[in-house]
Amino acid sequence: MRLDHTFTVPAAPDDAWKLFHDLGRVAPCMPGAVLDTLDGDTFTGRVKVKVGAVQMSYRGEGTVARDEGARTMRLDLSGSETRGAGTASATVTAELVADPAGTRVRVRTDLDITGRPAQFGRGIMAEVGDRIVGQFADRLAELMSGPQMESAAPAAPTEPEAVDLGAAALPVLLKKAAVPAAAALAAVILVGVIGRRRRAAR
């Protein structure tokens with residue numbers, strides 16, 4: 001499935017593009033993710049997500065390619081569940097363009113996912129993506145507004161903090177369930193009314 005997102009960061013395009021070269025600083029801004037190793041344009045990492053009481057951890061790897069003239073970067077990612085049969089692969093393309101507020105980042109994600117998250121479908125995945133990208137953009141903006149530090153190698157691997165997809169998906173699940181729920185409620189009310197009439201007739 002394809003997902004499209006856009007967000008703005010408070011920095012000139014040249015400064016934003018320079019930061020996007022530094023995966024060691026950008027990766028921690030992604031909710032639920034931990035960068036384990038970084039070797040040039042190749043990296044490994046982990047992502048942890050949860051949906052209600054169900055928690056899933058993915059371990060994967062990726063490569064990054066950049067087009068300096070167009071200020072675009074492409075991430076090729078692949079991973080698999082550490083305790084399950086689910087897999088995920090994605091090609092993420094980010095384009096940076098000038099914006100009155102700083103730099104607008106357009107992100108296109110071509111996602112292929114199997115296992116438990118695949119049951120959500122495109123609508124819910126898009127809603128989840130919107131919220132995660134929103135958190136990522138907020139953290140990135142905070143990073144760019146703070147002191148500019150030199151790049152550092154990834155710290156000793158730590159356990160990622162799970163990003164709660166259930167909280168993000170719940171509004172969409174409720175919307176999708178609204179019609180069936182209304183029908184069920186109507187049926188319950190109808191049965192109750194009929195029952196009361198029968199008892200009154202006796």
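Residues 149-156 are a shaky part of this predicted model: the pLDDT stays under 50 there, and the stretch has eight contacts beyond four places in sequence. Residues 176-191 also have a pLDDT below 50, and beyond near neighbours in sequence that stretch has one contact in the model. Where pLDDT is low, the predicted coordinates should not be read in detail. Taken over the protein chain, the pLDDT averages 77, and 71% of the residues score at least 70. Confidence is lowest in helix 4 (residues 165-201), with a mean of 48, and highest in strand 5 (residues 72-81), where it comes to 94.

Strand 5 is a good place to start on the strands, as it pairs on both sides of the sequence: with strand 4 and with strand 6. Strand 4 (residues 54-67) and strand 5 run antiparallel and are joined by ten bridges. One spot to look for is G62, which sits opposite L77 of strand 5. The link to strand 6 (residues 87-99) is antiparallel as well, this time over nine bridges. Here D76 has T91 in strand 6 as its bridge partner. Strand 5 and strand 6 make a hairpin, with five residues between them.

The hairpin of strand 4 and strand 5 has four residues between its strands, and R71 lies in that loop. What is the sign of the phi angle at R71? R71 takes a positive phi of about 50 degrees, although it isn't a glycine. As for its surroundings, R71 has a relative accessible area of 25%. That lands between the 20% and 50% cut-offs, so R71 counts as partly exposed.

Next comes the inside of the protein. The largest nonpolar core has 35 residues, and F7, M73, V105, L140 and M144 are the ones that touch the most other members. Helix 3 (residues 121-145) gives the most to this core, putting in eight residues. To get a feel for the packing, take L140: leaving aside neighbours within four places in sequence, L140 is in contact with F7, V9, L19, F20, V26 and C29.

F7 turns up again in the aromatic rings. How many aromatic pairs does the structure hold? There is just one. A pair of aromatic rings is described by the distance of the centres and the angle of the planes. For F7 and F136, the ring centres are 5.9 Å apart and the planes stand at 90 degrees, so the pair is edge-to-face; the cut-off for that label is an angle over 60 degrees. The two rings come from distant parts of the chain: F7 belongs to strand 1 (residues 2-9) and F136 to helix 3, with their positions 129 residues apart in sequence. Are these two residues buried or exposed? F7 has a relative accessible area of 8% and F136 has 9%. Both values fall under the 20% cut-off, so F7 and F136 are buried.

Finally, there's D15, found in helix 1 (residues 13-20). D15 has a relative accessibility of 48%, so this residue counts as partly exposed, with the exposed class starting over 50%. D15 and G102 are 87 residues apart in sequence, yet their C-alpha atoms are 9.7 Å apart in space.

Key
Residues are numbered from 1 along each chain as its sequence is written. This is a predicted model: local features need pLDDT of at least 70, side-chain atom pairs count only at pLDDT 80 or more; totals for chains, interfaces and linings use all residues. Side-chain values use heavy atoms; hydrogens and water are left out. pLDDT is the predictor's confidence in each residue, from 0 to 100. Helices (H or I, at least four residues) and strands (E, at least two) are DSSP runs, numbered from the N terminus. Contact means heavy atoms within 4.5 Å. A nonpolar core is a set of buried Ala, Val, Leu, Ile, Met, Phe, Trp, Tyr and Cys residues joined through side-chain atoms within 4.5 Å. Buried means under 20% relative accessible area, exposed over 50%, partly exposed in between (1.4 Å probe, protein chains only). Rings of Phe, Tyr and Trp (its six-membered ring) pair if their centres lie within 6.5 Å; planes under 30 degrees apart count as stacked, over 60 as edge-to-face and the rest as tilted. Two strands pair if DSSP finds at least two bridges between them.
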